[in-house]
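Reader: I would like to go through this model element by element. Please keep the answers short and end each on the item asked for.

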Amino acid sequence: MTMQPHESSDLDQPGGQPFLQEAEPPALPEFRPPTGPAARPSDARVPLVEMRDIYVAFGGVHAVEGVSVDLHAGEVVGLVGGNGAGKSTLIRTLSGAHSADSGQILINGQPVEIKNPRDAKALGIETIYQTLALADNIDAAGNVFLGRELSSRLGSLDDAAMEAATRSVMGRLNPRFRNFKTPVKSLSGGQRQSVAIARAVHFNAKILIMDEPTAALGPAETAQVRDLVTQLKEEGIGIFLISHDIHDVYDLSDRISVMLQGKLVDTVVKDRVTKDEILAMIIMGKKPGEVTQTELAELHS
Ligand SMILES: Nc1ncnc2c1ncn2[C@@H]1O[C@H](COP(=O)(O)OP(=O)(O)OP(=O)(O)O)[C@@H](O)[C@H]1O
Ligand SMILES: [Mg+2]
């Protein structure tokens with residue numbers, strides 16, 4: 001594989017509003033991940049996403065070196081690591097923002113080629129950017145259908161159908177949401193997040209990538225995002241949560257993959273490790289079995 005120029009803005013700079021680029025909805029994904037109790041991370045089913053031995057270099061900089069991570073239906077995997085660890089670069093190869101130099105991506109056990117964001121969306125992969133990439137002056141339905149508007153048979157915009165569809169998806173995700181007629185700029189951070197997630201879910205996301213989902217939110221809004229994530233899990237959606245700060249994603253994650261200097265330190269089941277053990281992975285690159293009590297204590301000194 002060769003490097004491709006960025007086809008859209010990256011995770012940190014989502015100014016390009018990828019949804020605006022698309023005139024029509026992506027093709028439906030071929031798979032339907034199971035939902036309910038069978039969709040637990042611990043079971044041995046084929047993962048929804050497998051990224052195998054991914055390499056990405058920028059000139060002499062090895063941004064991602066041989067990283068393998070996976071994600072199951074109904075699971076949240078936190079992808080954490082310090083600044084420059086390679087998280088965004090890794091996940092951009094899944095969102096289609098650029099290609100890996102080598103490695104393989106499998107969706108439901110099938111090898112796929114993701115050359116651009118359109119390929120990713122056709123596979124049910126949607127990205128929620130940190131800034132949410134919402135159009136501030138229009139309402140929730142306008143944002144859900146931004147760039148993928150519904151038209152009536154006469155060719156005009158079908159506002160009623162778009163509002164009905166938005167009410168329907170929001171009824172599932174966040175039943176307390178009432179502000180359908182309000183420009184999204186006057187919504188709270190948590191409500192704005194609901195709109196961004198409704199947009200992804202309406203267009204059939206099976207795999208969600210969320211970049212620092214709660215970093216800028218207060219406690220009440222963080223709780224709202226937690227409810228949304230819980231609902232998405234119940235629907236069998238798999239979620240990668242990316243953050244440089246473990247505190248942002250610890251509570252929400254089922255497993256946590258830690259990167260340091262382009263390499264995967266390890267992937268751990270959240271319930272089997274402490275937050276300090278994850279901090280030691282992030283800072284020192286030491287796995288839970290490798291770190292001493294003294295080193296753990298020094299994390300707080
Ligand atoms: N387009 C690029 N050109 C050159 N180098 C890049 C590019 N994008 C990333 N890098 C380098 O690749 C490495 C990994 O960067 P990346 O953005 O993936 O890290 P990150 O883990 O997402 O960090 P952060 O938490 O700061 O977002 C860094 O050394 C970065 O400087
Ligand atoms: Mg990043």
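Reader: How many of the six residues of strand S8 are buried?

Author: This is a predicted model, in which local features need pLDDT of at least 70 and side-chain atom pairs count only at pLDDT 80 or more, while totals for chains, interfaces and linings use all residues. Residues are numbered from 1 along each chain as its sequence is written, and chains are lettered from A and ligands numbered from 1 in the order in which they are written. Strands (E, at least two residues) and helices (H or I, at least four) are DSSP runs numbered from the N terminus, and a residue is buried if 20 or more other C-beta atoms lie within 10 Å of its own, exposed if 12 or fewer and partly exposed in between, with C-beta atoms placed from the backbone. Strand S8 covers residues 238-243 and is largely enclosed by the rest of the structure, because the number of its residues that are buried is six of the six.

Reader: Which residues of S8 are buried on the side opposite Gly238, Phe240 and Ile242?

Author: Both faces of S8 are covered. Gly238, Phe240 and Ile242 are buried on one side, and the buried residues on the other are Ile239, Leu241 and Ser243.

Reader: In what order do the strands of the sheet with S8 run?

Author: Two strands pair if DSSP finds at least two bridges between them. The sheet is open, its pairing is mixed, and it has six strands. Their order is S6-S7-S8-S3-S9-S10.

Reader: Which strands stand at the edges of that sheet?

Author: An edge strand has a single partner strand, so one side of it is left without a neighbour in the sheet. Neighbouring strands here are turned by 20 degrees against each other on average, direction ignored; the angles are taken between N-to-C directions of axes, which are lines fitted to C-alpha atoms (for helices over the stretch in contact), and run from 0 to 180 degrees. The edge strands are S6 (125-128) and S10.

Reader: In S8, which residue is the bridge partner of Leu79?

Author: Strand S3 (residues 76-80) pairs with S8 in the parallel sense over five bridges. Within S8, Leu79 has as its bridge partner Ile242.

Reader: And which residue of S8 is the bridge partner of Leu208?

Author: Strand S7 (residues 207-211) and S8 run parallel and are joined by five bridges. S7 is also joined to S6, in parallel, by four bridges, and Ile128 has Met210 in S7 as its bridge partner. For Leu208, the partner in S8 is Ile239.

Reader: What is the strand order in the open sheet of four strands?

Author: Its pairing is antiparallel; S1 (residues 49-58) and S2, for instance, are joined by eight bridges, with His62 in S2 as the bridge partner of Ala57. S2 and S5 each have a single partner strand, so they stand at the edges. The order is S2-S1-S4-S5.

Reader: Which element gives the most residues to the shell around ligand 1?

Author: Ligand 1 is surrounded by 13 residues, a residue being near if its C-beta atom, placed from the backbone, lies within 6 Å. The closest are Phe58, Ala63, Asn83, Ser88 and Thr89. Strand S2 (61-71) and helix H1 (87-95) are the elements that give two or more residues to this shell. With three residues, the one that gives the most is H1.

Reader: How many residues of the shell around ligand 1 are charged?

Author: Asp, Glu, Lys and Arg count as charged, Ala, Val, Leu, Ile, Met, Phe, Trp, Tyr, Cys and Pro as nonpolar, and the others, Gly among them, as polar. The shell has four nonpolar and seven polar residues. Its charged residues number two.

Reader: Are helices H5 and H6 roughly parallel or roughly antiparallel?

Author: The axes of H5 (residues 189-202) and H6 (residues 219-234) come within 8 Å and cross at roughly 25 degrees. Angles under 35 degrees count as roughly parallel, over 145 as roughly antiparallel, 65 to 115 as roughly perpendicular and the rest as oblique. H5 and H6 are therefore roughly parallel.

Reader: Is Asn108 buried or exposed?

Author: Asn108 is in the loop between strand S4 (102-107) and strand S5 (110-112), and its phi is positive, near 50 degrees, in a residue other than glycine. Because 20 other C-beta atoms lie within 10 Å, Asn108 is buried.
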